[in-house]
Amino acid sequence: MHPFTQARGIVVPIDRANVDTDAIIPKQYLKSIRRSGFGPNLFDDWRYLDPGDPSMDHGKRRGNPDFALNQERYRAASILLARENFGCGSSREHAVWALVDYGVRVVIAPSFADIFLNNTVNNGLLAVVLDAALIERLFAEVRQTPGYALTVDLEAQLITTPTGEIPFALEEHRRHRLLNGLDDIDMTLLHTGAIQQYEQSRKLSAPWLF
Amino acid sequence: MTKTLYDKLWDAHVVRVNEDGSNLVYVDRHLVHEVTSPQAFEGLRLAGRQPWRRETVLAVPDHNVPTIDRHLPVADPASRLQLQTLDDNCAHFGLTQFKLHDIRQGVVHVIGPEQGAILPGMTVVCGDSHTSTHGAFAALAFGVGSSEVEQVLATQCLVMRKSRSMRIAVEGRLGSGVAAKDLILAVIARIGAAGGAGQVIEFAGEAIRELSMEGRMTVCNMAIEAGARSGLIAVDDKTIAYVQNRPFAPKGALMEQAIAAWRELHSDLGARFDNAVELDAAQIEPQASWGTSPDTAVPVTASVPDPEQEENPVKAESMRAALRYMGLAAGTPIQEIGLDKVFIGSCTNGRIEDLRAAAAIVRGRKVAATISQALVVPGSGLVKQQAEAEGLHRVFREAGFEWRDPGCSMCLAMNADRLAPGERCASTSNRNFEGRQGQGGRTHLVSPATAAAAAIAGRFVDVRQWL
Ligand code: SF4
């Protein structure tokens with residue numbers, strides 16, 4: 001996994017609460033047994049006017065001009081501005097794979113669903129929580145300013161907007177892993193002894209589990 | 001020190017506290033299905049790793065399986081490859097799988113408890129958000145992404161932070177004709193789709209104690225629709241009676257020892273929760289959702305709410321978007337909403353009691369002419385077998401329902417069972433997101449009895465008047 005230190009990019013507003021993982025990547029694309037290639041189908045039902053299936057050439061489908069990702073000013077966006085409970089619903093990591101594959105590096109929202117949040121960390125995608133009033137302000141600024149871009153610095157935990165700076169907080173274990181591009185499995189396997197010890201004592205206290 | 005049930009389960013599974021404040025948490029049971037596991041197994045192979053404890057894994061194909069013509073090869077090549085990949089991975093790594101033609105095959109959250117593979121006090125994970133179902137057994141159960149599936153396969157552990165705790169007490173008794181599904185829909189409507197975010201919810205109170213184990217599974221199943229990490233219910237006699245004598249459950253003296261330990265799996269008197277909510281069961285009516293989020297359920301006797309009455313502008317806007325998508329006008333009585341399809345099944349309501357409740361309504365009646373398809377999809381092969389032994393399949397078929405083979409089916413519409421754009425469905429599943437049951441499809445979440453009555457009437461009705 002690539003370390004995440006800093007990102008700068010155009011911001012695209014996704015102005016809806018409870019954006020669920022079915023909306024981020026519809027189920028017909030979950031038949032893939034790979035981790036890549038989901039980008040063209042990010043927000044598929046909202047992004048295209050014709051219904052999609054995996055066999056199509058998505059470049060030839062009719063885009064929905066009302067959907068932000070299709071609008072010229074947001075085309076190059078790599079930062080998603082979203083509403084509360086982003087990523088709710090299913091556990092499908094495909095939702096995060098689709099965002100990353102599309103080129104999204106940061107999602108900013110007032111809150112995220114728990115499983116989605118874990119999935120972001122495992123794929124080097126930064127999810128930033130800001131309080132609702134700040135999010136409201138960002139939505140207004142993005143709409144008023146074509147080409148609106150932000151710099152997100154994970155080391156300093158600071159967002160630089162065209163008008164100022166916004167500090168943000170992130171749980172230390174998430175921040176540490178993102179900054180270093182660390183893999184949970186490697187980290188966990190450093191503690192093989194502790195796991196085996198746990199199993200030994202658990203075998204005594206709850207033998208029916210073994 | 002007094003502990004909540006969640007504290008007890010958590011403390012029993014912490015392997016170590018990491019330097020950054022996260023915890024290494026041990027996993028006792030790992031359920032696996034075909035859609036979220038291929039990438040995890042691929043990762044394992046690429047790293048040259050073996051599963052840490054293969055006997056903790058139970059795999060089953062469910063999301064993407066056909067529910068008809070099972071004797072034929074799976075028609076869709078992508079689905080076929082995904083099913084084949086699960087077979088190959090289970091064979092390669094030596095994992096237990098109930099294959100497509102095994103009588104024990106079914107929706108992953110139905111077959112786990114059915115086999116006694118879910119025991120009180122366990123930690124349970126699956127690459128599926130509705131893993132919360134298993135909290136009905138006082139097991140700490142939660143959904144994970146594919147990277148975490150790989151992590152659990154490789155290390156038997158997850159890196160986690162402890163969540164906050166919430167107690168939802170439903171006191172008093174549910175009225176007749178009001179089901180576990182109505183209870184949980186009412187709870188979610190009350191606390192919102194993110195009301196449980198970052199929290200583990202313990203369901204308590206008389207109405208929860210009165211539920212059967214299957215009803216409790218329905219409740220915990222949908223804890224995730226309130227955004228919760230897990231749902232939990234304390235162990236009582238019903239829990240133990242349910243588990244006893246199932247194939248994977250301990251036997252003899254080991255079972256006696258286990259039962260003694262399981263009796264401790266409840267929150268201590270006076271244990272502190274971060275949040276508490278109380279509901280009066282007697283006030284809960286049969287529910288139906290009108291919008292595109294599971295927190296939009298209202299009593300079937302009510303009307304579609306009006307966004308213009310909503311003070312929060314963001315909420316009002318999402319209500320307007322939901323009404324547009326659902327093709328509904330504010331103020332429409334729920335009972336005047338006509339339907340095109342009916343789906344009875346899923347890990348929420350695909351168990352034998354659900355099918356009995358639906359069949360009791362359907363018996364001797366006919367599906368309305370305006371309903372183009374009414375599906376009953378049992379949650380597992382064993383549920384199907386039991387239902388057939390009771391003659392329920394005949395009740396459904398004679399009324400005009402289709403009687404299918406087990407799987408997720410129209411709950412998420414990965415296979416051929418789905419809604420066409422604009423079609424409206426009464427569904428016993430758990431999600432009414434846009435496109436969930438097929439692109440452009442409109443889902444109303446209801447209980448099995450309400451879905452059955454809706455199939456007969458062609459619109460929503462108050463099932464209490466049909467009893
Ligand atoms: S029945 Fe529906 S909710 Fe349950 S596991 Fe299958 S797809 Fe998920």
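The following questions and answers concern the sheets, helix packing and chain contact of a predicted model.

Local features in this predicted model need pLDDT of at least 70, side-chain atom pairs count only at pLDDT 80 or more, and totals for chains, interfaces and linings use all residues. Residues are numbered from 1 along each chain as its sequence is written, chains are lettered from A and ligands numbered from 1 in the order in which they are written, and side-chain values use heavy atoms, with hydrogens and water left out.

Me: Which are the edge strands of the open sheet of 4 strands in chain B?
Reply: Strands are DSSP runs (E, at least two residues; helices are H or I, at least four), numbered from the N terminus, and two strands pair if DSSP finds at least two bridges between them. The sheet has the order S11-S10-S9-S12 (chain B) with parallel pairing, and its twist averages 20° from one strand to the next. Pairing on one side only marks the edge strands, S11 (230-232) and S12 (275-280) of chain B.

Me: Which residue in S12(B) stands opposite Ile168(B)?
Reply: Strand S9 (residues 164-171) of chain B pairs with S12(B) in the parallel sense over 6 bridges. In S12(B), the residue opposite Ile168(B) is Val277(B).

Me: At what angle to S12(B) does helix H6 of chain B run?
Reply: Axes are lines fitted to C-alpha atoms, for helices over the stretch in contact, and angles run from 0 to 180 degrees between N-to-C directions. Helix H6 (residues 180-191) of chain B lies across S9, S10 (199-204) and S12 of chain B, and its angle to S12(B) is about 130°.

Me: Which residue in S8(B) stands opposite Leu24(B)?
Reply: An open sheet of 3 strands has the order S1-S2-S8 (chain B), with antiparallel pairing. Its edge strands are S1 (14-17) and S8 (157-160) of chain B. Strand S2 (residues 23-26) of chain B pairs with S8(B) over 4 bridges. Opposite Leu24(B) stands Val159(B).

Me: Is H13(B) oblique or roughly parallel to H15(B)?
Reply: Angles under 35 degrees count as roughly parallel, over 145 as roughly antiparallel, 65 to 115 as roughly perpendicular and the rest as oblique. The axes of H13 (residues 352-362) and H15 (residues 392-399) of chain B come within 10 Å and cross at roughly 45°. H13(B) is therefore, relative to H15(B), oblique.

Me: How many nonpolar residues has the contact of H13(B) with H15(B)?
Reply: Contact means heavy atoms within 4.5 Å. Among the residues that meet are Leu355(B) and Arg356(B) in H13(B) and Phe396(B) in H15(B). Ala, Val, Leu, Ile, Met, Phe, Trp, Tyr, Cys and Pro count as nonpolar, Asp, Glu, Lys and Arg as charged, and the others, Gly among them, as polar. By class, the contact of H13(B) with H15(B) has 1 charged residue, no polar residues and, as nonpolar residues, 9.

Me: Is H13(B) roughly parallel or oblique to H16(B)?
Reply: H13(B) and H16 (residues 448-457) of chain B pack with their axes 8 Å apart, at an angle of about 30°. Relative to H16(B), H13(B) is therefore roughly parallel.

Me: How much area do chain B and chain A bury between them?
Reply: Buried area is the accessible area (1.4 Å probe) that two parts lose on being put together, summed over both. The contact takes 73 residues from chain B and 52 residues from chain A. Carbon and sulfur atoms hold 56% of the area that the two chains bury, which is about 5,300 Å².
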